[in-house]
Structures are given as C-alpha cells and as structure tokens.
Amino acid sequence: GSVDNSFGGGVVTTDFQGSSDRAYSVAIQGDGKLLVAGSAVVDGVQQPAVVRYLTNGDLDTSFGDGGKRLIELPTSAEAEGVGVQSTGKIVVLGNRFELTRLNEDGSLDESFGNAGTAVAPGSFLRAGTFEVLLDDAVLIVGTRFGGNSSSSIAVARVLADGDLDTNFSSNGVASINVPGEFDGGLDATEQSDGAILVAGFTSRRSLFPPENDLVLARLMPTGIPDPSFGLNGTVTLPMSAEDDAGAAVLQLANGKILVATNSATGPKAIARFQPDGRLDTVLETSSSGATGTSQLVQDEQGRVVGLLYNGLQTGGQVVRLVADDSPATGEVGGTVWHDRDGDGTRSADEPLIVGSTIFVDLNANGELDPNEPQATTDENGIYRLGNLFPGDYVLRILAEVGVTTTTADLDNASMVTVA
C-alpha cells in the first residue's frame, strides 16, 4: 500500500492550460504505459482529454501533442473512460454515450464508426463507465432520459468496428426500468457466459437529498433481462434510509457478486450477492470521509481492492478485502415416485417416476427459467442437484397439469436448506 516513488515521485500532475483539468479513468497498456482520461479547459471551453505516461511517470511525447490529446466529440465535454483493444488502439468514452478511437500515436482512427466516432441513438443524460470486452466490443452503461422527468438504466453494446450491435436488445441499446422516479446505471461487467451484470440506482424521490436504493441487474447476452436473476432480472436493495447507489460491480471466481455503494450520507459498504441475485452479506467499509467507490478489482491472489473517494475528489481511500472465493459445494437430492395414497411415504407398490425434471426455482415464479439448476430423475427415480451455495432453495418438479406434489410444504413446491 505504500506510494511507488519510481513513478514521478509517487504523484504526477499534468496541466493543459492553467485552468481546471480533471481525471476520471485510467487504463494500462500492454507495454506498461498509462492512459488517463478526463477533461481539460482550454480557451475557456471544457473538452474531453487523454494523457499518456511512460512507466516512470513522464509524459509520453510520442502520443498526441507532447503526451496530451484533446478529443473532439459531438456533445461530450468530458471523457468518462479509456480502454485499450487487443490491437493496441485506444477507445475513449465521452459523457454523452459517444465513443472515439485513437491510433497508438493518439491520432484519430477514422475507420472506427462514422469517421472515428460512434454515437448510441436516443437521449441520454450521462454515461457512467464502459468496458472493452474480449472480442474488442465495448459495453457502455449510463442513464437514459424518458418523459415526465423520468429515466432508466441504459446499456449499449458497440462492436469492435464502431457499429452498434443490432443483435443486442433494440438497436444495440438495452433499457432497464425499475419502479422509481429516476433510475441510472453506474457500472457494468460481462460474465464468462456473455451475460452482463449492471450496477446502479433507483430513486424513491426526485428531491434533494435523494433517496436512492442500490440496483443490481443481469442481462442475457442478447440484452434482455435474465428471468432467473432476482425479480425479472433485477434486485433492489435499500442499504440505508437515504442515499444508496451501486457504483461498482465485480464477479468473483465462485460466481458470487460484489457491489460497492456510493452514499452521500450513510456508511459506505460492499454488498455480496449469490449468483442468482439473493443477498449474501453486507460489509461496511467506511463511515466517514469517503462518499463513494469508483472501482473494484481482484488481484491474482483473490484479494479485492476498492478505490473510495470523497465528493470533492480531493482525496480518497484504498481498501483491500480478502474475498471468500470458496466454491459452491452444497447439494440436495431425493426420490420421485407416484404417491398413490398421498401419505408422503413411498410404499413398495408405488412406482418410481423416471425422467422427471426437478429444478431450483431461484426467482420463485413457478417456472423453469434459463440458468436455473435442474436435474432429471434416473432409472431409480433419484435426482441430485449440486454446486449450490449455503442457503434456502425452492424445489419444483415439472409435472402434468393437475398433478400435486404431496410432500410439498409451500404452493406445490418444497423448501430445502443447504448448509
């Protein structure tokens, strides 16, 4: 946790024109050089800006104008994110859902999108952040305005060449609507199966100070809500009585999900969720000083590092947690038979049922949804469901209409506990 003094003495500052310059995002190139994106005020006008540093903290004079590059975007005044594609080209996100791509020397790559710029359709308030995916596509999350002063969480997927991915939701942009006056997205990440986790907030009122609840959502690779996650793809969590927002999201190796919160008034915390969206635990990380978390990352040893900041962006805190990456090893099993006398106990003359599907009804909607664990009874009527975390689960059987489960303890289903 000590400052690395070999990098410009530990702290490097860069001025554009003696006015207000801000940094919002950092990316590390394959050669170790650092890209920093933000904004700069030049000739009285705020513009998106990118700076590149050598590994010792010096400006990289081979990039842009002496290591600095002002970005021209149609409506964006700030660069919210910067990333590097596998080709070495640099993608910059403007605060109005606008992307541009630079060549390695900082010049504009006019082969990207429309003469170097890609713009998501629709009316947007602000982009939250973005992620360069393994296929060099770009995932953007933020907020889209609607009518009557309402808004929704917006997620856009842009292909590696700058075209919107028309196979993703509607024209490349998905909207997540949560019951509330004002919804917004702050972070997103793609899972190994192509599903997308989104963190943000939903407002209980539009006045100040706000009353926001944390939102965690999951989209399927096609951009539609995952019905097996939470309630119709969304989880909301009031962390405190006032202002909460999901600011950063990270999936652990065992499938559990961490969401760090922003809060202007209450304690800052990291909530951990089960892979199906059920709340696991909440860890308070700070009660004073910091007002939010801008990023969560996991190192090679499984430890989670969170960057906390205060609302004035004049200081911050770094916290490191030891992640519980223990795999899901719990299991449940049983036997399915034709309970002719309805007593819940199998008699010798009651036949076993082979080939029936037993599933974990994660969202309790009574239906087998994609990604819900399932098993088929074998020749002895036995089923077994494994890879479960500790907790309570609802088990159901796919049966013909009118068939009743005699051993059920709730609405034709059984509640089981995995220790």
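Two strands pair if DSSP finds at least two bridges between them. The exercises below apply this and other criteria to a predicted model.

**Exercise 1. Work out how E1 and E2 pair, and place E1 in its sheet.**

Step 1. Count the bridges. E1 and strand E2 (residues 34-42) share seven bridges, in the antiparallel sense. The criterion asks for at least two, so the strands pair.

Step 2. Pick out one opposing couple. Alanine 27 stands opposite leucine 35 in E2.

Step 3. Add the other strands. The sheet is open, has four strands and runs E1-E2-E3-E4, with antiparallel pairing.

Step 4. Find the edges. Strand E1 (21-28) and strand E4 (68-70) each have a single partner strand, so one side of each lacks a neighbour in the sheet.

Step 5. Note the twist. From one strand to the next it averages 25 degrees.

**Exercise 2. Do likewise for the sheet that contains E7 and E8.**

Step 1. Write the order. This open sheet of four strands reads E5-E6-E7-E8, and its pairing is antiparallel.

Step 2. Identify the edges. Strand E5 (79-84) and strand E8 (117-119) have a single partner strand each, so each is left with one side free of a neighbour in the sheet.

Step 3. Give the twist. The average is 20 degrees from one strand to the next.

Step 4. Check one pairing. Strand E7 (residues 98-102) and E8 are joined in the antiparallel sense over three bridges. Threonine 100 has threonine 117, in E8, as its bridge partner.

**Exercise 3. Describe the largest nonpolar core and the strands that supply it.**

Step 1. Take its size. The core has 16 residues. Those with the most contacts inside it are Ile153, Val155, Ile176, Ile196, Val198 and Leu219.

Step 2. Assign strands. At least two core residues come from each of strand E10 (138-145), strand E11 (151-158), strand E12 (173-176), strand E14 (196-203) and strand E15 (212-219). E15 gives the most, with three residues.

Step 3. Look around one member. Beyond its neighbours within four places in sequence, isoleucine 153 is in contact with residues including Val141, Ala174, Ile176, Val198, Phe201 and Val215.

Step 4. Look elsewhere. Apart from this core lies another, of 15 residues; Leu99, Ala118, Ala120 and Val158 are among them.

**Exercise 4. Classify the two aromatic pairs found in the whole structure.**

Step 1. Choose the descriptors. A pair of aromatic rings is described by the distance of the centres and the angle of the planes.

Step 2. Take phenylalanine 7 and tyrosine 53. Their ring centres are 6.3 Å apart and the planes stand at 75 degrees, so this pair is edge-to-face. Phenylalanine 7 is in the segment before E1, and tyrosine 53 is in strand E3 (residues 45-53), 46 residues apart.

Step 3. Judge burial. Buried means under 20% relative accessible area. Phenylalanine 7, with 17%, is buried. Tyrosine 53, at 7%, also counts as buried.

Step 4. Take phenylalanine 182 and phenylalanine 201. This pair is stacked, with 6.0 Å centre to centre and 25 degrees between the planes. Phenylalanine 182 lies in strand E13 (residues 182-190) and phenylalanine 201 in strand E14, so the pair ties together parts 19 residues apart in sequence.

Step 5. Judge burial again. Phenylalanine 182 is partly exposed at 22% relative accessibility. Phenylalanine 201 is buried at 12%.

**Exercise 5. Locate the charged ends that sit over the rings of phenylalanine 16 and tyrosine 393.**

Step 1. For phenylalanine 16, the charged end belongs to lysine 68, 5.2 Å from the ring centre.

Step 2. For tyrosine 393, it belongs to arginine 278, 4.4 Å from the ring centre.

Conventions. Residues numbered from 1 in each chain as written. Predicted model: local features only at pLDDT ≥ 70, side-chain atom pairs only at ≥ 80, totals over all residues. Heavy atoms only, no water. Core = buried A, V, L, I, M, F, W, Y, C linked by side-chain atoms within 4.5 Å. Buried < 20%, exposed > 50% of the residue type's maximum accessible area, 1.4 Å probe, protein only. Contact = heavy atoms within 4.5 Å. Axes fitted to C-alpha atoms, helices over the stretch in contact; angles between N-to-C directions. Phe/Tyr/Trp six-rings, centres within 6.5 Å; stacked < 30°, edge-to-face > 60°. Lys NZ or Arg CZ within 6 Å of the ring centre and 35° of its normal.
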